[in-house]
Amino acid sequence: MILDKYRLDGKVALITGGSRGIGQAVALGFAEVGADVAIASRKLPDLEEVAKEISALGRHSLAIAAHAGHKEELDDLVKKTIDEFGRIDILVNNAGTNPVFGPLVDIEERAWDALMNLNLKGYYLLSQAVAKLMMKQGGGSIINMASAAGTKPFPGTGAYSVSKAGVIMLTQVLATELGKHNIRVNAIAPGVIKTKMSTHLWSTPEIAQKFIEHTALGYIGQPEDIVGVAVLLASDASSYISGQTIAVDGGGLPFGR
Ligand SMILES: NC(=O)c1ccc[n+]([C@@H]2O[C@H](COP(=O)([O-])OP(=O)(O)OC[C@H]3O[C@@H](n4cnc5c(N)ncnc54)[C@H](OP(=O)(O)O)[C@@H]3O)[C@@H](O)[C@H]2O)c1
């Protein structure tokens, strides 16, 4: 039955940035369709609230505090997940930041480094650690949270766009290398989604209006809008899809200068 292929029963997922926003919605979506879920971010109390919601859906959950740009903490995150669940079938690299808005020529080196460290280097480090486990397990699915900003420049988010373009290429490179190990690697490219990270975009009326005008469906998305594609990419329903970046952006249209 085709619907059975979308189920994640018996699978273990690890999701960074799982304490709120898109990561939280994906964690709960995975739990709804049968997965046990480990979630990570920097603040344990927030994670524990989401872990309770996962448990209420009848799944096993684990909350782990870890900075997703620090190698030692990522290694510890993988170890704790394996100690608890024994395997990782699905990795969602989702933790991200966009600390600055404005022209790329004005951005400070410190902000560039922080952005690249979390948004790009962290995804590479965690993929590397988890892919080695998945190889031994006989396969898995890695999902990277990219952005529509990684395929076309958004006004004022230049450095962020560069980091997300890197995520899209990281996805293609890993998919190419890991396919022979039955590991699929794909990315999701959301448009503007109403979360804490994007507050400046959706709560500033003139900026929000600009994004709405550049969205075919004419509104700003919600975290739940990302869940369907995440379940697809995590599950056997997408068994022949790898190296792809799927836009979930309400039909995003290019911006001018
Ligand atoms: N919202 C949008 O419009 C949009 C559009 C395209 C792509 N995205 C991407 O979607 C992903 C999720 O963003 P979101 O919109 O859901 O943002 P959000 O609601 O602000 O959530 C960000 C998550 O990442 C965690 N996080 C932040 N810095 C971290 C760090 N250094 N180490 C570990 N965890 C960290 C946060 O928890 P703590 O702060 O407690 O650590 C939180 O769980 C990001 O990669 C973002 O770039 C978002």
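**Exercise 1. Describe the largest pocket of this predicted model by volume, lining and residue class.**

Solution. Start with the volume: about 840 Å³ of space lies in the largest pocket. Next, take the lining, which consists of 39 residues. Those nearest the centre of the pocket are Asn-94, Ala-95, Gly-96, Thr-97 and Met-197. Then assign the lining to secondary structure: H2, H5 and H6 are the elements that contribute two or more residues. Last, sort the lining of the largest pocket by class, which gives 17 nonpolar, 16 polar and six charged residues.

**Exercise 2. Locate the ligand and describe the shell of residues around it.**

Solution. First, place the ligand: the largest pocket holds it. Second, list its surroundings, using a cut-off of 4 Å between heavy atoms. The ligand is surrounded by 30 residues, and Ser-19, Asn-94, Tyr-160, Ile-193 and Thr-195 are the closest. Third, trace the shell to helices: H2 (21-32), H5 (109-137) and H6 (158-178) supply at least two residues each. Fourth, divide the shell by class into 13 nonpolar, twelve polar and five charged residues.

**Exercise 3. Find which residues place a polar atom at 3.2 Å or 3.5 Å from an oxygen atom of the ligand, and state how much of the ligand the protein covers.**

Solution. Consider the side chains, then the backbone. In Tyr-123, a side-chain N or O atom is 3.2 Å from a ligand oxygen atom. For Ser-41, the distance from a polar side-chain atom to an oxygen atom of the ligand is 3.5 Å. Gly-191 takes part through its backbone, where a polar atom is 3.5 Å from an oxygen atom of the ligand. To finish, consider the cover: on its own the ligand has 870 Å² of accessible area, and the protein covers 97% of this.

**Exercise 4. Describe the second largest pocket by volume, lining and residue class.**

Solution. Begin with the volume of the second largest pocket, about 240 Å³. Its lining comprises 20 residues. Val-192, Thr-215, Tyr-219, Asp-249 and Gly-250 lie nearest the centre of this pocket. By class, the lining of the second largest pocket has eleven nonpolar, six polar and three charged residues.

Note on methods:
Residues are numbered from 1 along each chain as its sequence is written. This is a predicted model: local features need pLDDT of at least 70, side-chain atom pairs count only at pLDDT 80 or more; totals for chains, interfaces and linings use all residues. Side-chain values use heavy atoms; hydrogens and water are left out. A polar contact is a pair of N or O atoms within 3.5 Å; within protein, one must be able to donate a hydrogen and the other to accept it, and residues adjacent in sequence count only if both atoms are side-chain atoms. Accessible areas come from the Shrake-Rupley method with a 1.4 Å probe; for residues, only the protein chains shown count as cover. On a 1 Å grid over the protein atoms alone, a cavity is a set of points where a 1.4 Å probe fits but cannot get out, and a pocket is an open set with protein on both sides within 12 Å along at least five of seven lines; lining residues have an atom within 4 Å of a point. A molecule sits in a cavity or pocket if more than half of its atoms lie within 2 Å of its grid points. Helices (H or I, at least four residues) and strands (E, at least two) are DSSP runs, numbered from the N terminus. Ala, Val, Leu, Ile, Met, Phe, Trp, Tyr, Cys and Pro count as nonpolar, Asp, Glu, Lys and Arg as charged, and the others, Gly among them, as polar. Grid points are joined across faces, edges and corners, and a volume is the space filled by probe spheres set on the points.
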